Each structure stands twice: as structure tokens, then as C-alpha cells.
Amino acid sequence: MSCEREREVAAAVRTGEWTEELRGHWAGCEECGEAALVAEFLCEAAATADRQAPEAGLVWFKSQLRARREAAARAARPLEMAERAAAVVAVICGVVAAAWLSRTGTLAAMVGVAAVFLMGAAAGGALLVARSRK
Ligand SMILES: [Zn+2]
């Protein structure tokens with residue numbers, strides 16, 4: 001059941017113009033009390049929605065930008081894993097080569113060990129430069 005004065009009460013909530021007679025009815029009528037609460041909530045929601053709603057073009061642009069970033073990150077993920085695997089394999093190979101070359105104790109072996117470490121340092125530097133440009 002709804003009261004026949006609900007519309008009057010809702011209009012009074014919107015405009016703030018209450019008559020004493022309507023206020024008296026509203027105080028004693030359960031339906032009009034609920035209608036006043038709903039009208040008050042809708043007025044507040046409409047007021048905040050006008051202030052906070054961003055433009056549709058901006059929302060579309062941001063969603064496109066985000067989709068592009070996520071696609072680029074997805075595409076780069078296998079490459080990053082391959083870089084890490086290559087770095088681990090290079091470090092293992094360098095350590096094994098250095099250990100194998102240093103066993104002989106000759107000058108050529110020492111030069112080989114130094115060359116392996118220099119190549120490792122150069123590869124590490126190249127990886128750092130490549131990562132910093134992403
Ligand atoms: Zn009523």
C-alpha cells in the first residue's frame with residue numbers, strides 16, 4: 001500500500017519547501033517516511049554523480065592505454081624469462097670454464113680465465129642496459 005501524498009513528500013524533500021500540514025502528515029505516515037528517505041538518497045546520489053562522473057572519452061582512452069600496457073607486458077614476459085635463463089646459463093658456463101682453465105696453471109689458462117670474467121662482465125652490463133631501456 002502506498003500513501004497518496006508520497007509525491008508531495010518527495011517533492012518537498014527535493015525542494016525543501018514543507019508546509020506544516022505536510023510535515024505533520026509525514027511524521028505520522030510510515031509510507032511517506034520511507035518515500036522521504038528514498039527521495040533524500042536519490043537527491044544525494046544525483047548530486048555526487050554529477051560531480052564525479054568522468055567523461056566517456058577519457059574513460060575510453062584510459063582503458064585503451066591500459067589494454068595496450070597489459071598486452072605489452074604479456075608479450076614481454078617470455079622474453080624476460082629467456083633473458084633470466086640465458087643469464088643463469090652464462091654464469092654457470094663461466095664458472096665451469098674458469099674452474100677448468102685454472103686447473104692447468106699456465107699463463108694461457110690465466111688469460112682465458114680473465115677473458116671469461118671480462119665477457120661475463122660485458123654480458124651483465126649489456127643486460128642491465130637493455131633492462132633500463134624498457
Ligand atoms: Zn503519507
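Student: In which helix does L42 lie?

Tutor: In this predicted model, L42 belongs to helix 3, which covers residues 30-52.

Student: With which residues does L42 form a nonpolar patch on the surface?

Tutor: A nonpolar patch is read by asking which nonpolar side chains lie within 5 Å of one another while each keeps over 30% relative accessible area. Here the members are V38, F41 and L42, and together they present about 320 Å² of accessible area. The general idea of helical periodicity is useful at this point: an α-helix has 3.6 residues a turn, so residues three or four places apart point the same way.

Student: How should one read the salt bridges, and how many does a search of the whole structure find?

Tutor: The criterion is a side-chain nitrogen of Lys or Arg within 4 Å of a carboxyl oxygen of Asp or Glu. On that basis, the search of the whole structure returns three salt bridges. In one of them, the side chains of R5 and E8 meet, with an N to O distance of 3.0 Å. R5 also forms a salt bridge with E21, where the closest N and O atoms are 2.6 Å apart. This second pair ties together parts that are 16 residues apart in sequence, because R5 lies in the segment before helix 1 and E21 in helix 2 (residues 20-28). R5, E8 and E21 are thus linked in a network of salt bridges.

Student: Are R5 and E8 buried or exposed?

Tutor: Burial is read from relative accessible area: under 20% is buried, over 50% is exposed, and values in between are partly exposed. R5 has a relative accessible area of 15%, so R5 is buried. E8, with 40%, is partly exposed.

Student: Which residue forms a salt bridge with E70?

Tutor: The partner of E70 is R66, and their closest N and O atoms are 3.2 Å apart. Both residues are in helix 4, and because they are four residues apart, about one helical turn separates them. E70 is partly exposed, with a relative accessible area of 39%, whereas R66 counts as exposed at 58%.

Student: How does one judge the span of a helix, taking helix 5 as the case?

Tutor: One compares the distance from the first C-alpha to the last with the span expected at 1.5 Å a residue. Helix 5 (residues 107-132) has 26 residues and reaches 37 Å, close to the expected 38 Å. Its buried residues include A109, G112, V113 and V116. The buried residues of helix 5 pack against helix 4 (56-102).

Student: What can be read from distances between C-alpha atoms along the chain?

Tutor: Separation in sequence and separation in space are to be read side by side. The C-alpha atoms of R7 and A39 are 32 residues apart along the chain and 9.6 Å apart in space. R7 lies in helix 1 and counts as exposed, because its relative accessibility is 77%. For S2 and A109, 107 residues apart along the chain, the C-alpha separation is 98 Å. S2 is found in the segment before helix 1 (6-15), and its relative accessibility of 56% is why S2 counts as exposed.

Student: Which domains does the domain assignment give, and how far apart are their C-alpha centres?

Tutor: According to the domain assignment, domain 1 comprises 6-52 and domain 2 comprises 75-132. The C-alpha centres of domain 1 and domain 2 are 75 Å apart.

Terms used. Residues are numbered from 1 along each chain as its sequence is written. This is a predicted model: local features need pLDDT of at least 70, side-chain atom pairs count only at pLDDT 80 or more; totals for chains, interfaces and linings use all residues. Side-chain values use heavy atoms; hydrogens and water are left out. Patches are made of residues with over 30% relative accessible area and no salt bridge: like charges are joined within 9 Å, nonpolar side chains (Val, Leu, Ile, Met, Phe, Trp, Tyr) within 5 Å. Accessible areas come from the Shrake-Rupley method with a 1.4 Å probe; for residues, only the protein chains shown count as cover. Helices (H or I, at least four residues) and strands (E, at least two) are DSSP runs, numbered from the N terminus. The expected span of a helix is 1.5 Å times one less than its number of residues. Buried means under 20% relative accessible area, exposed over 50%, partly exposed in between (1.4 Å probe, protein chains only). Contact means heavy atoms within 4.5 Å. Domain bounds come from an automatic or database domain assignment.
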